Amino acid sequence: LAVTSPANGALISNSAALAYTISGSCSEGGQSVVFSGDISGTVTCTTGTPNYSKAFDLSALSDGPVNITVNHSDAAGTAAVAVNQTHTLDKTAPTISYTSPAANAFINATTKSSFSVSGSCNSNTRTITFSGAAAGTIACDTGANPNFTKALDFSANADGIVNLVATYTDSAGNSASSNRNFTLDTTLPTFTLTPPADTIISLAEANSLHLAGTCSEHNENVSFTGGTFATAVNCIVGTWDVNLNMFAEAEGAVNVTITHVDDAGNVSASQVVALTKDSGVPTLAFDALVSPNNLVNNAQKSAFTVLGACSEDGRNVSISGSAQAQNVICGNPTTHRFSANINVNAAVDGALVILANHTDLGGNPAVQASLNLTKDIVAPTLDVLSPVAGAIITLSNMASFPVSGNCGEAGRNVVV
């Protein structure tokens, strides 16, 4: 008598317990093979090539050792040497569950080829097999709290809901599985930038540079990086709008990098806005005039020359005030200088104020310059009261011939 299957010490799973088969060889065809211990039953040893096989339902037994004794006697009642075996019944299914990421978590364009899933398991070193939307295997980690973490490739799937199944079998052959849905979203968000009016950050814009555009992901961030101005605003119904504080940025080149993210964590292609900060105030001043009392006379009223200094060569110096409005170019006739022939024809005689304004490329204005003039185009009056016309100059008065009369400009010379 011998037991050929299963081997002594075999593990019996929950499914095997329903029909646990014990097989072996026997010498006495037609005679009974008797089972006892934690099981009971008989089966006839076959003739020809004598052997036996019998299935037992062990489902009513508790997990733990199952002691089996197999006996066989010949027709004369002589017993063979009994075979004793102890097997282990393990009907308890192993446990496996996902702990991270949460159900329906997003898999994005960046993580799709290496998306990590983690969970708990209760049979150290046993293999966990993944199937469904991704394939792979990993051993349940050893330790007081067995667990698993596996990076899986989901890139072969189309965007949408994907299902991952983790299957796990313990040493007895009992199996368990857990499945979890994730959301695959690999479509990158998009945005546009409305081109700004210019690329200069002026003093007026330094505290609030306005940018705007469109975006694809409602209520998701449009981000701005590259300096102290870094911030983010929400995309609202397809548009975004931001005011960036550029005050702390240094003068010169300032690059603003714009990106847009969706709820799956996909990041759009970036766009760099190349700007120049120019918040310095230009300078402007009239030269002092050497003309007595800054007077504009009748001959000068249509073209009175004024000169001055300016900082922005190539930019206009705008003349206004009491003079007819005109623009002249800074840098003409020489670097950082301007010259203008002003027309005050329309102004009334008296005090005049000539104004000049000057802005740089960024729109920063200089402090307005002013020049005070006096217009006097009324000819002076002069008449001779004595002597009368035709008077005789004699020998006695020819060395000191008196002439007298009226003049309109007190303190000014009368030339005889």
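## Worked exercises on an all-but-one-helix chainLys112, leaving aside its neighbours within four places in sequence, touches Ile107, Leu152, Asp153, Phe154, Ser155, Leu184 and Thr186; contact means heavy atoms within 4.5 Å. The model is predicted, with local features needing pLDDT of at least 70 and side-chain atom pairs counting only at pLDDT 80 or more, while totals for chains, interfaces and linings use all residues. Residues are numbered from 1 along each chain as its sequence is written, and side-chain values use heavy atoms, leaving out hydrogens and water.

**Exercise 1.** Place Lys112 in the chain and decide whether it is buried, partly exposed or exposed.

*Solution.* Start with the secondary structure: Lys112 sits in the loop between strand E10 (106–107) and strand E11 (115–121). Helices (H or I, at least four residues) and strands (E, at least two) are DSSP runs, numbered from the N terminus. Next, take its relative accessibility of 28%, so Lys112 counts as partly exposed. The cut-offs are under 20% relative accessible area for buried and over 50% for exposed, with partly exposed in between (1.4 Å probe, protein chains only). Finally, pick one partner, Asp153: 41 residues separate it from Lys112 in sequence, yet their C-alpha atoms are 6.1 Å apart.

**Exercise 2.** Work out the strand order in the sheet that contains E19, and find its edges.

*Solution.* The order is E17-E19-E22, an open sheet of 3 strands with antiparallel pairing. Strand E17 (191–193) and strand E22 (239–244) each have a single partner strand, so one side of each lacks a neighbour in the sheet. From one strand to the next, the twist averages 25°; the axes are lines fitted to C-alpha atoms, for helices over the stretch in contact, and angles run from 0 to 180 degrees between N-to-C directions. Now zoom in: E19 (residues 209–215) and E22 are joined by 6 bridges, and Gly213 has Trp240 in E22 as its bridge partner. Strands pair if DSSP finds at least two bridges between them.

**Exercise 3.** Which strands pair with E4, and over how many bridges?

*Solution.* Take strand E5 (residues 41–44) to begin with: E4 (residues 32–37) pairs with it in the antiparallel sense over 4 bridges. Ser32 stands opposite Thr44 there, and a hairpin of 3 residues links the two strands. Then turn to strand E7 (residues 64–72), which pairs with E4, also antiparallel, over 5 bridges. In that pairing, Val33 has His72 as its bridge partner.

**Exercise 4.** Describe the largest nonpolar core, then look for another.

*Solution.* A nonpolar core is a set of buried Ala, Val, Leu, Ile, Met, Phe, Trp, Tyr and Cys residues joined through side-chain atoms within 4.5 Å. The largest one has 23 residues, and Phe286, Val317, Ile319, Ile342 and Ile354 have the most contacts inside it. Strands giving two or more residues to this core include E25 (284–286), E28 (316–321) and E31 (350–358). Another core lies apart from it, with 22 residues, among them Tyr98, Val117, Cys140 and Phe154.

**Exercise 5.** Compare the chain's radius of gyration with that of a compact globule of 416 residues.

*Solution.* The globule would be near 22 Å, but the chain has 53 Å. The radius is taken over C-alpha atoms, and the globule rule is 2.2 Å times the number of residues to the power 0.38. Then check the C-alpha trace, which spans about 200 × 35 × 30 Å along its principal axes. To round off, the chain has 1 helix and 34 strands, and buried residues make up 32% of its 416 residues.
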